[in-house]
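This report addresses two topics: one residue with its contacts, and the surroundings of one ligand. Please consult the sequence and structure shown here while reading.

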Amino acid sequence: MLQTKTVTTTTKTTTIINKAESKPLDLSVYVVIDVSVLPAGRDAVAVAEQALEGGATVIQLRAKHLDTKSFIELSNKVKAVAAKFGALFVVNDRVDVALAVDADGIHIGQDDMPLATARRLLGPSKVIGVTCSNTDEVNSAVSSGFANYLGTCAVFPTATKAYAPDFTPLGATGLNSLLQVSTLPIVAIGGINVENVEQLIIESQTALKTVAGCAVVSAIVCAQNPTQATKDLAAKIHPLLKHNSESSIARSLNPRPPRVQLLVNQVAQALSSVRASTPLVHSITNYVVMNDNANVLLAIGASPIMAHSTKEASDIISFCGSLVLNIGTLSDPWIDAMHIAGKKANSLGIPVVLDPVGAGATPLRQSTCVDLVTLIHTDIVKGNAGEISFLAGALANTSGGVQSRGVDSDGTMSEPAHVVRSLAAKVNSAIAMSGPVDYVSDRVGKDVVAVSNGNEWLGKITGTGCDTTTLVAAFAAALNAELKGKSLSAATWTASDDESFDPYLIAGVGGILCMCIAAEQAIAQGGIKGPMSFKTALFDAIANLTPEMIQRFARVDFV
Ligand SMILES: Cc1ncc(COP(=O)(O)OP(=O)(O)O)c(N)n1
Ligand SMILES: Cc1ncsc1CCOP(=O)(O)O
């Protein structure tokens, strides 16, 4: 019997709203009312209102030289008109003023109040924008988890903000570099007007991302007719903001909690390690998926080797980075080879990843996977809910056994986190369980991560579950090698440190995220006519995955 596996996942839609304020975060037409730029006789509140009538989605009040009392008074008035139009009201620089008037948010620069302090003072529901002029500043703002969006230094020459004489505006190319690395929305600013805005948006966009909006001061504040000027600008901006995915905007509204962000950072870093180290993965796997597994390993940046003979299983694993044991198409000699390679891997500290394909289906599969987890040490077990449930149940009779909760007809189980956590502790292996949501436990059952990326198309072609297992093994090999390079070992990880995740938890989450995000990308690129065009697009998407895409698209949570 040929057994193949699928990862069943669902696409989820997210409503893009700022939950605390029930207000959409639309940064597209961002008007900065700078009181020092206002032409004589013009009133800041009136200009704000005119810009809002023209379609401004955000009003920022910038008043560098206003005393605190006047700034607060003016802010209260501008906030009231912005509220009338359902627009966001943001204060420039002054967290005290934002707090005093209960503004929707704040925009700060690198020399203003530190981002972490601003977030602590403003709380989780306020919008925080931070100016970033280079990719280091972008990475720092993104990884802090405290910012909702990013502003830029001037993209074009401007007289509105003073810069040092040697300052060079970012231009579309510089903006593109920021967009490449940012997982947060970016608003461009500086010298933007109705003449140059389209070219800026088009020339700066990446394959995946466009600016979230354009911010202007003089082009609106000094315009003869601010309402018409805003309308004209909005008409140019809106049709071009097509690449901004829902997930990135939703993420910006809901920055990841710091520990989740830390995990995502480490997974993204681990993908870089896979690419840099090209780990060799030895797979004793099933006939159905051999070729695909090998190609998936190449696509992620690893190298495949497949050897089933008992006569070479031990020699081969000796120079590999990890071992996959996949019981999909068993034969007696293959089982022997699995034990030989597994024992040798254990003796050399090489991670072993078990895929108990169809675990409970026949007595042969039942005894094989139970023997494998008991007679050799597996570092990671990756299976679907039925397989993990079988293993948990089979081991329930042994001391400290796990009560399996059973699998529902839709392939889910009622207490997935409990099952992976307890099985992990029982067999001292990380457990990665695929399903509508994937669950991954570390080896002691302390951290359990739910991954909700993916697409139902993964279930429409054969072998994506086994492919995911090989990706997990590539991550395990790269992480283990990296630790060995530091005279450490994945095997000796302890759960005592909150900052350090089990490397095999990272491997499990990494492999699953790569497969699931690649599936989302394959679908998002369009042109899928059926299973085979999906498969082609999926393999291409795996090859094109970047650490930044993991940062941007990962939907993970501790449970
Ligand atoms: C949307 C937006 N982007 C960038 C800035 C610039 O902010 P900052 O670097 O703090 O400089 P000042 O505005 O304080 O001179 C901004 N205000 N808005
Ligand atoms: C506040 C700010 N930050 C970078 S450039 C700038 C001023 C933009 O003003 P303008 O739209 O008049 O060029």
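## Asn346 and its polar partner

Which backbone nitrogen lies 2.7 Å from a polar atom of the side chain of Asn346? In this predicted model, the atom in question is the backbone nitrogen of His377. Asn346 itself belongs to helix 14, which spans residues 332–348.

## Wider setting of Asn346

Leaving aside residues up to four places away in sequence, Asn346 touches Val352, Ile376 and His377. Thr378 is 32 residues from Asn346 in sequence, and their C-alpha atoms are 8.3 Å apart.

Is Asn346 buried, partly exposed or exposed? Its relative accessible area is 28%, so Asn346 counts as partly exposed, given that the buried class ends at 20% and the exposed class begins over 50%.

## The shell around ligand 2

The residues around ligand 2 include Arg62, Ala154, Lys161, Tyr163 and Ile189. Gly190, Gly191, Val216 and Ser218 are also among them. By class, this shell has five nonpolar, five polar and two charged residues.

## Polar contacts and burial of ligand 2

Two threonine side chains take part in polar contacts with ligand 2. An N or O atom in the side chain of Thr158 lies 2.6 Å from an oxygen atom of the ligand, and for the side chain of Thr160 the distance from a ligand oxygen is 2.6 Å. A polar backbone atom of Val217 is 2.9 Å from an oxygen atom of ligand 2. Taken alone, ligand 2 exposes 370 Å², of which the protein buries 94%.

Notes
Residues are numbered from 1 along each chain as its sequence is written. Chains are lettered from A and ligands numbered from 1 in the order in which they are written. This is a predicted model: local features need pLDDT of at least 70, side-chain atom pairs count only at pLDDT 80 or more; totals for chains, interfaces and linings use all residues. Side-chain values use heavy atoms; hydrogens and water are left out. Helices (H or I, at least four residues) and strands (E, at least two) are DSSP runs, numbered from the N terminus. Buried means under 20% relative accessible area, exposed over 50%, partly exposed in between (1.4 Å probe, protein chains only). Contact means heavy atoms within 4.5 Å. A polar contact is a pair of N or O atoms within 3.5 Å; within protein, one must be able to donate a hydrogen and the other to accept it, and residues adjacent in sequence count only if both atoms are side-chain atoms. A residue is near a molecule or strand if one of its heavy atoms lies within 4 Å of it. Accessible areas come from the Shrake-Rupley method with a 1.4 Å probe; for residues, only the protein chains shown count as cover. Ala, Val, Leu, Ile, Met, Phe, Trp, Tyr, Cys and Pro count as nonpolar, Asp, Glu, Lys and Arg as charged, and the others, Gly among them, as polar.
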